[in-house]
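This report covers the residue contacts, overall dimensions and nonpolar cores of the model shown below.

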Amino acid sequence: MTDNWLAQLPADTAQHARRLLDTLSQLGCQDPDGWVRSEVTENIPQAARYRFLHTLWPRMIDAWQTGIDNIPAAQRALQAGADHDDLARLARVVAYETVFGLLYHLDDDDPDELANALPGWRLVETDSDGTPTGRTVEGLYESLLSLDPSGRDGSDFDT
């Protein structure tokens, strides 16, 4: 199915799309076709979005599966009889909510009353040399849950 839509693209765009497909596949993307098709047809910097998002789970959320062992408050809770898995799940939920909140905040969707008087911010895509491409990387919070490397979309938070 990938070849069908690629065949309809101009040669240079198709070549770029194939490189992105290969790279996203190498990174472990579960749906490289969907990400690349969106990038090419909607002009959304999906490869940059994926690159940014795909490391958040292992580095900032799932790291708490074992990371609680180094926290004195968690050690005290364990000594008092708390369940290790429950504490790890709690830490992961807090980490997920924090990451999600930060990603939402990056879009500056809730400006305060002084927003017009102060500078704002945007996360922008850059090329491999660090030069801005002019495309804004937005809506990262919308894709965070779907990149749970366990494939459970965070459903283990509920147990």
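In this predicted model, V40 makes contact with W5, L9, T13 and A17, once its neighbours within four places in sequence are set aside. V40 itself belongs to helix 3, which covers residues 32-42. H16 precedes V40 by 24 residues along the chain, and the C-alpha atoms of the two are separated by 9.0 Å.

In total, the protein has 9 helices and 2 strands. Their order from the N terminus is α-α-α-α-α-α-α-α-β-β-α. The radius of gyration is 20 Å, whereas the globule rule gives 15 Å for 159 residues, so the protein is more spread out than a compact globule. The C-alpha trace has spans of about 65 × 45 × 30 Å along its principal axes.

Contacts between residues 24 or more positions apart make up 53% of the contacts with a separation of 6 or more. Buried residues account for 31% of the 159 in the protein. The exposed area is about 10200 Å², and 51% of that area is supplied by carbon and sulfur atoms. As for charge, the protein carries 12 positive and 28 negative charges, and the mean positions of the two sets lie 5 Å apart.

The largest nonpolar core holds 27 residues. Within this core, the residues that touch the most other members are W35, V36, L53, W57, I61, L103 and L144. At least two core residues come from each of the helices in the table.

| Helix | Residues |
|---|---|
| Helix 1 | 2-7 |
| Helix 2 | 11-26 |
| Helix 3 | 32-42 |
| Helix 4 | 46-53 |
| Helix 5 | 56-61 |
| Helix 8 | 84-106 |
| Helix 9 | 140-144 |

Helix 2 provides the largest share of this core, with 5 residues. Nonpolar side chains tend to be buried together in soluble globular proteins.

Which residues does L103 touch, not counting those up to four places away in sequence? They are F52, L53, L56, L140, Y141 and L144. Of these partners, L53 and L144 are also listed with L103 among the core residues that touch the most other members.

Separate from the largest core is a second one of 5 residues. Its members include A74, L87, A88 and A91.

Note on methods. Residues numbered from 1 in each chain as written. Predicted model: local features only at pLDDT ≥ 70, side-chain atom pairs only at ≥ 80, totals over all residues. Heavy atoms only, no water. Helix = DSSP H or I, 4+ residues; strand = E, 2+ residues; numbered from the N terminus. Rg over C-alpha atoms; globule rule 2.2 N^0.38 Å. Buried < 20%, exposed > 50% of the residue type's maximum accessible area, 1.4 Å probe, protein only. Contact = heavy atoms within 4.5 Å. Areas by Shrake-Rupley, 256 points an atom, 1.4 Å probe, with all protein chains shown as cover. Lys, Arg positive; Asp, Glu negative; His and termini not counted. Charge placed at Lys NZ, Arg CZ, Asp CG, Glu CD. Core = buried A, V, L, I, M, F, W, Y, C linked by side-chain atoms within 4.5 Å.
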